[in-house]
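Here are a few exercises to work through with the structure open beside you. Try each one yourself before reading the solution.

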2 protein chains.
Amino acid sequence: MSDDSGMTRGRATAEMVAQRANVSRVAVSRAFNPHTSLKPEKRDLILRIAQELNYTPDRAARALVSGRSHLVGVIVPDVCSHWESQEIDALTTALQNEGFATLLFKTRTDYSMDEKLLAYMRGFNPDSVIAFVENVKPTTLARFLDRAVPIYVHYPYPGETDDAEAGPLHDRLNVLQRAGIEQAVALLQGYGAQRIAYVSGLGKSRANTAREQMLRTVMAERGLPPPVIAPSDYSYDMAYAATLDLFRIGQGADAIFAANDVGAFGVLDALRHELGLRVPEDVKVVGFDDIAQSHWKSYNLTTVKFDLEERVRALVRLILRRLNNPAAPALQETLQTRLVVRGTVG
Amino acid sequence: MSDDSGMTRGRATAEMVAQRANVSRVAVSRAFNPHTSLKPEKRDLILRIAQELNYTPDRAARALVSGRSHLVGVIVPDVCSHWESQEIDALTTALQNEGFATLLFKTRTDYSMDEKLLAYMRGFNPDSVIAFVENVKPTTLARFLDRAVPIYVHYPYPGETDDAEAGPLHDRLNVLQRAGIEQAVALLQGYGAQRIAYVSGLGKSRANTAREQMLRTVMAERGLPPPVIAPSDYSYDMAYAATLDLFRIGQGADAIFAANDVGAFGVLDALRHELGLRVPEDVKVVGFDDIAQSHWKSYNLTTVKFDLEERVRALVRLILRRLNNPAAPALQETLQTRLVVRGTVG
DNA sequence: ACGGAAAGTGAAAACGTGTTCATTCTTTGA
DNA sequence: TCAAAGAATGAACACGTTTTCACTTTCCGT
């Protein structure tokens with residue numbers, strides 16, 4: 001009774017709009033595509049009737065012929081990990097503004113992107129894929145994403161050239177960690193810290209290894225002994241346990257870098273609530289990320305900040321540029337880091 | 001050189017597989033659809049060749065003819081809100097196991113689902129939509145989702161029948177808050193709490209109003225004076241500020257309910273780090289959700305738990321049942337709550 | 001008023017799949 | 001051995017769009 005328009009499958013089609021507007025179905029198509037020639041008044045009429053009928057071009061059909069799904073695949077090990085959830089949030093907003101949608105997939109928490117998942121994602125025909133997870137060979141990824149364009153988030157090692165010279169083989173966002181780490185080490189050194197420990201991220205993760213090596217390099221340059229490594233996996237619980245081990249089994253430390261902010265929270269809680277140490281008086285703590293929680297009063301964390309907004313803008317820029325020009329040579333964007341000083345140092 | 005199969009648009013098609021296997025294109029289609037009759041050895045051959053060619057049926061084409069996109073739309077105000085990120089995480093895993101993918105959309109943070117966003121999402125043809133955001137009229141939602149099936153998360157008011165009698169008009173998951181709240185109030189009363197405050201969620205949100213009314217009802221039943229309402233919006237910062245107001249401008253309290261765990265963190269930090277009060281000695285605090293962070297040592301929060309795994313299973317069940325039988329009468333699932341006791345009470 | 005360029009138009013052909021429907025091949029029971 | 005039932009098969013159509021390609025109309029400068 002309520003649907004008097006005689007819709008076939010509950011949805012209006014371009015044919016119906018055309019019929020009602022006394023135009024051809026092609027005209028309807030053109031009305032919805034900006035760069036086509038169609039008499040303005042005709043376009044207005046069609047759009048008005050389309051709105052009446054609640055019509056929108058079917059994206060499946062559109063994807064079939066145009067080869068564009070307007071979907072961007074995102075694979076993460078853990079949506080609820082704070083940094084990643086904030087990145088997904090910002091990314092979804094940005095993509096939404098550009099007419100895309102975020103397609104979410106979960107891999108195992110060990111940061112491995114197995115082939116089965118890649119094949120599964122491939123079935124949905126994403127236009128682009130953001131590879132936060134670096135533990136997949138580019139050739140493997142390329143084989144599984146025939147049409148989709150992968151965008152890599154890349155953390156250069158200390159030796160690697162930071163600049164775009166001898167351009168990268170794949171589209172990527174380079175995150176330069178040196179600046180933020182230098183500022184942090186300088187600050188710690190200024191307060192007299194000597195024995196600095198690193199509560200690591202997941203060992204296999206490139207973000208982690210690059211972070212650790214950069215820290216080691218910067219400390220060496222400033223004449224500090226190499227950092228003690230306390231293995232962890234980015235999680236609160238592991239960082240908590242690693243900190244206990246560091247002080248009960250190991251030699252302790254007078255300053256601790258955590259591979260991420262959440263890990264730093266675990267370090268802080270272990271120091272204060274289990275080891276009875278004061279921060280920053282007895283031990284100083286620095287994290288990585290600068291997530292929203294880091295300014296919470298219980299933690300008030302000094303941390304190396306990755307600018308989330310800037311990072312997401314760069315990613316979207318990479319995607320759009322690649323989609324507009326599939327044949328262009330590999331693209332690159334660069335992102336700096338800096339230290340945000342709060343209460344856990346000095 | 002590497003792609004000798006002569007692919008058209010970078011992707012193998014059913015026709016190519018058919019040609020290479022000396023069968024018709026229809027046979028290839030049948031090989032990928034379980035409930036069709038095809039000689040087993042033929043099916044094996046086709047699947048083997050398909051794997052060689054890295055072929056998977058195009059989901060866009062499949063969606064076009066079958067009317068199923070295998071996408072589930074999820075609209076949230078804030079992906080990085082802890083509870084929601086954990087729910088999205090679990091939901092994505094569960095949907096992935098059933099052959100679906102999560103399509104993410106962001107609305108404004110005020111929990112309003114505006115028509116523009118609904119129309120935008122509709123364009124992607126989701127098979128189902130999970131309406132976490134309750135501030136949209138079912139009729140409006142239905143109008144914007146011609147083919148997609150909406151699933152509502154519903155928080156009954158104290159007066160509403162909890163049971164399925166006189167069945168609901170729409171598919172929905174009923175979250176019964178009474179049990180958990182009763183346990184919490186009983187515990188607080190046992191410790192002698194009298195002046196209980198409620199640091200609210202976003203006023204317009206139904207989850208919040210239902211929570212508040214249920215608390216009020218349970219307290220009245222146990223002979224307690226009505227709770228003092230400190231308006232907030234689920235965020236840490238607002239809860240922090242609301243707590244300061246409660247004690248500096250208002251009358252204070254000897255126990256505080258926060259509408260969610262993140263809000264409770266704000267309450268705790270305000271009490272301890274700014275007002276110089278002890279928890280649980282001076283003030284007791286109870287949250288809602290039981291997110292992963294609630295067991296962190298700095299907070300160690302007593303909270304009313306929503307079982308996330310159970311909740312996600314129920315949602316997926318609702319979706320699958322509805323998709324298997326579109327004409328079935330409205331479905332319903334029910335979820336209980338219970339108190340998890342940690343360090344912020346007694 | 002005229003020629004040519006530009007804009008506007010719709011029929012037909014894609015895009016890659018699932019489904020229907022006759023037809024052929026195989027099996028089964030007596 | 002035969003008829004009938006069932007399984008296997010492929011041609012043709014359907015799904016809802018965009019794109020190409022001729023064709024018609026409008027616009028503009030002289």
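**Exercise 1.** Find out which kind of atom of DNA strand C a polar side-chain atom of A:Arg30 lies 2.6 Å from, then look at what else surrounds that strand.

*Solution.*
Step 1. Keep in mind that this is a predicted model. The polar side-chain atom of A:Arg30 sits 2.6 Å from a base nitrogen of DNA strand C.
Step 2. Now go to the backbone of the protein. A backbone N or O atom of B:Ala14 is 2.6 Å from a phosphate oxygen of DNA strand C, and a polar backbone atom of A:Lys39 is 3.1 Å from a phosphate oxygen of DNA strand C.
Step 3. Zoom out to the neighbours. There are 23 residues around DNA strand C, and the ones that come nearest are A:Arg30, B:Ala14, B:Arg25, B:Ser29 and B:Arg62.
Step 4. Check which side of the DNA meets the protein. Of the atoms of DNA strand C within 4 Å of the protein, 53% are sugar or phosphate, and the rest are in bases.

**Exercise 2.** Work out which helices line DNA strand C, and which one gives the largest share of that surface.

*Solution.*
Step 1. Pick the helices that supply at least two residues each: H2 (25-32) and H4 (59-66) of chain A, plus H2 (25-32) and H4 (59-66) of chain B.
Step 2. Rank them. The largest share goes to H4(B), with four residues.
Step 3. Sort the surface by class, and you get 11 nonpolar, six polar and six charged residues.

**Exercise 3.** Now do DNA strand D: list the closest residues, then find polar side-chain atoms that reach a phosphate oxygen.

*Solution.*
Step 1. Of the 23 residues surrounding DNA strand D, the closest are A:Ala14, A:Arg25, A:Ser29, A:Tyr55 and B:Arg30. Sugar and phosphate make up 53% of this strand's atoms that come within 4 Å of the protein.
Step 2. Go through the side chains. A:Tyr55 has a polar side-chain atom 2.9 Å from a phosphate oxygen of DNA strand D. For A:Asn33, a side-chain N or O atom is 3.3 Å from a phosphate oxygen of the strand. From chain B, a polar side-chain atom of B:Ser24 also lies 3.3 Å from a phosphate oxygen of DNA strand D.
Step 3. Assign the surface to helices. H2 and H4 of chain A, together with H2 and H4 of chain B, give two or more residues each. H4(A) gives the most, with four residues.
Step 4. By class, the surface near DNA strand D splits into 11 nonpolar, six polar and six charged residues.

**Exercise 4.** Describe how H2(A) packs on H3(A).

*Solution.*
Step 1. The axes of H2(A) and H3(A) (residues 40-52) are 9 Å apart, at an angle of about 90 degrees.
Step 2. H2(A) is therefore roughly perpendicular to H3(A).
Step 3. Name the contact residues: A:Ala27, A:Val28, A:Arg30, A:Ala31 and A:Phe32 from H2(A), and A:Arg43, A:Ile46, A:Leu47 and A:Ala50 from H3(A).
Step 4. Count by class: seven nonpolar, no polar and two charged.

**Exercise 5.** Do the same for H8(A) and H9(A), and add the handedness of the crossing.

*Solution.*
Step 1. The axes of H8(A) (residues 178-190) and H9(A) (residues 206-221) come within 10 Å and cross at roughly 50 degrees.
Step 2. The two helices are therefore oblique to each other, and the crossing is right-handed.
Step 3. Among the contact residues are A:Ile181 and A:Val185 of H8(A), and A:Met214 and A:Leu215 of H9(A).
Step 4. By class, the residues of this contact are six nonpolar, one polar and four charged.

Terms used:
Residues numbered from 1 in each chain as written. Chains lettered and ligands numbered in written order. Predicted model: local features only at pLDDT ≥ 70, side-chain atom pairs only at ≥ 80, totals over all residues. Heavy atoms only, no water. Near = heavy atom within 4 Å. Polar contact = N/O pair within 3.5 Å; in protein donor to acceptor, adjacent residues only side chain to side chain. Nonpolar A, V, L, I, M, F, W, Y, C, P; charged D, E, K, R; others polar. Axes fitted to C-alpha atoms, helices over the stretch in contact; angles between N-to-C directions. Parallel < 35°, antiparallel > 145°, perpendicular 65-115°, else oblique. Left-handed = near helix turned anticlockwise from the far one by under 90°. Contact = heavy atoms within 4.5 Å.
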